[in-house]
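Biologist: Could you take me through this model? I'd like to begin with the cysteines and then move on from there.

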Amino acid sequence: MNKINYKLMRARKYYDSFRLNKPLLHAPLKQKLKIIINILKFFNTNSKKPLIIRNKPVTAQIEPTSQCNLKCEMCIREKVGVPIGTMSFQNFKKILDKLDGLYKLHLSGQGEPFLNSELMKMIKYANSKGILVMLNTNATILTRRIIEEICNVEIGEIAVSMDSPKKKNYEKIRRGANFEKVVENVKQLTSELKRKKKKTIVSLAAIILKDNLNELPEFVKLAKEIGAEKIVFQTIQEKEDYVKKYDSKTRTQMEIRKEEVMRHMNQIQKLGNKNGIVIVFDEGMSHGCIWPWRGIYVTWNGNVTVCCKILDYRNPVMGNLLEQNFGEIWNNKNYQMFRRFLRERKSPPACLQCNMV
């Protein structure tokens, strides 16, 4: 993907973010101003990247649950011993109130969000605060009732994790899932969203592996068939602490040359343009990680890490939002250390080999 396509992709991402945020339009004026002022503070902060910052996060990722009904081949969740649990609505509310000023919220983490029975209450509460909600799902447990509930709240984008457009390979990678059932679930979801005239984007999220590399162009055909508007590609995570936990089979899936990936991405970009499918792949185009200035990641039990790729749950590097005030965490010495490293385009120990640094 060349620089022009990358800039167009980023512009489209910002455009979608603004056009989909219906909750902000309907938020009380006081809340609107709070969000807008926080965004302006962030842009001012991001241009200078100080170690101590005045803005609160403009985006956050909160994990509704770390429970999952699948055992995916490349998933790091069990390999690093992530504690299993589910966030209550009351704890979610407590955390979100401390993050007042958010523009966008990803309700996803190491588990399947729809396993949390209070997920819809969380979305409605976020909507009431003018926040654009996004989430990822494996779409295996979508039912007519859940789809109806989705259509009764405001969700900007639902990304469906799907790592192969072919049944045999998909079920090999996403162990425990049924290809036909997931395809039918997503078709019903996109059909109902269209019928209800909802603007929610349904996208496919695919991890590029050695086993699916030659199938990548077929994702465009699958997206068109099931009504998805976008495909988000990423390579398997190469952070040093992840790779140490991978088994030999997962390491084999990483044996792909970057030039080969880019060749496929250029081909898929053309196919996407031809078929009206937005293609997102921003690896290798990073101007440095800005997460410690822009966003925050919160686990189901309130632990705060810099982003979703840092999974040191047993010794949370930043703090816990259920036990501490936000101010105690956001500008503490650990956060300042991360900002100092990343401002200089160096990797903090927890980020070694991350492709966003």
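Biologist: How many disulfides does a search of the whole structure find?

Modeller: This is a predicted model, and a search of the whole structure finds zero disulfides in it.

Biologist: Why is there no bond for Cys-354?

Modeller: The closest cysteine sulfur to that of Cys-354 belongs to Cys-351 and is 6.2 Å away, which is too far for a bond, because a disulfide needs the two sulfur atoms within 2.5 Å.

Biologist: And is Cys-354 buried or exposed?

Modeller: Cys-354 is buried, its relative accessible area being 14%, and Cys-151 likewise counts as buried, with a relative accessibility of 6%.

Biologist: Switching to helices, how do the axes of helix 8 and helix 9 cross?

Modeller: The axes of helix 8, residues 179-195, and helix 9, residues 218-226, come within 8 Å and cross at roughly 50°, so the two helices are oblique to each other.

Biologist: Which residues make that contact?

Modeller: Helix 8 contributes Phe-179, Val-183, Val-186, Lys-187 and Thr-190, while helix 9 contributes Leu-222, Glu-225 and Ile-226; sorted by class, the contact has five nonpolar residues, one polar residue and two charged residues.

Biologist: One more topic: where is the place of Lys-129?

Modeller: Lys-129 lies in the loop between helix 5 (119-128) and strand 4 (132-137), and with 13% relative accessibility Lys-129 counts as buried, because that term covers values under 20%.

Biologist: What does Lys-129 touch?

Modeller: Leaving aside residues up to four places away in sequence, Lys-129 touches Gln-31, Ile-35, Leu-96, Asp-97 and Asp-100.

Definitions and conventions
Residues numbered from 1 in each chain as written. Predicted model: local features only at pLDDT ≥ 70, side-chain atom pairs only at ≥ 80, totals over all residues. Heavy atoms only, no water. Buried < 20%, exposed > 50% of the residue type's maximum accessible area, 1.4 Å probe, protein only. Axes fitted to C-alpha atoms, helices over the stretch in contact; angles between N-to-C directions. Helix = DSSP H or I, 4+ residues; strand = E, 2+ residues; numbered from the N terminus. Parallel < 35°, antiparallel > 145°, perpendicular 65-115°, else oblique. Contact = heavy atoms within 4.5 Å. Nonpolar A, V, L, I, M, F, W, Y, C, P; charged D, E, K, R; others polar.
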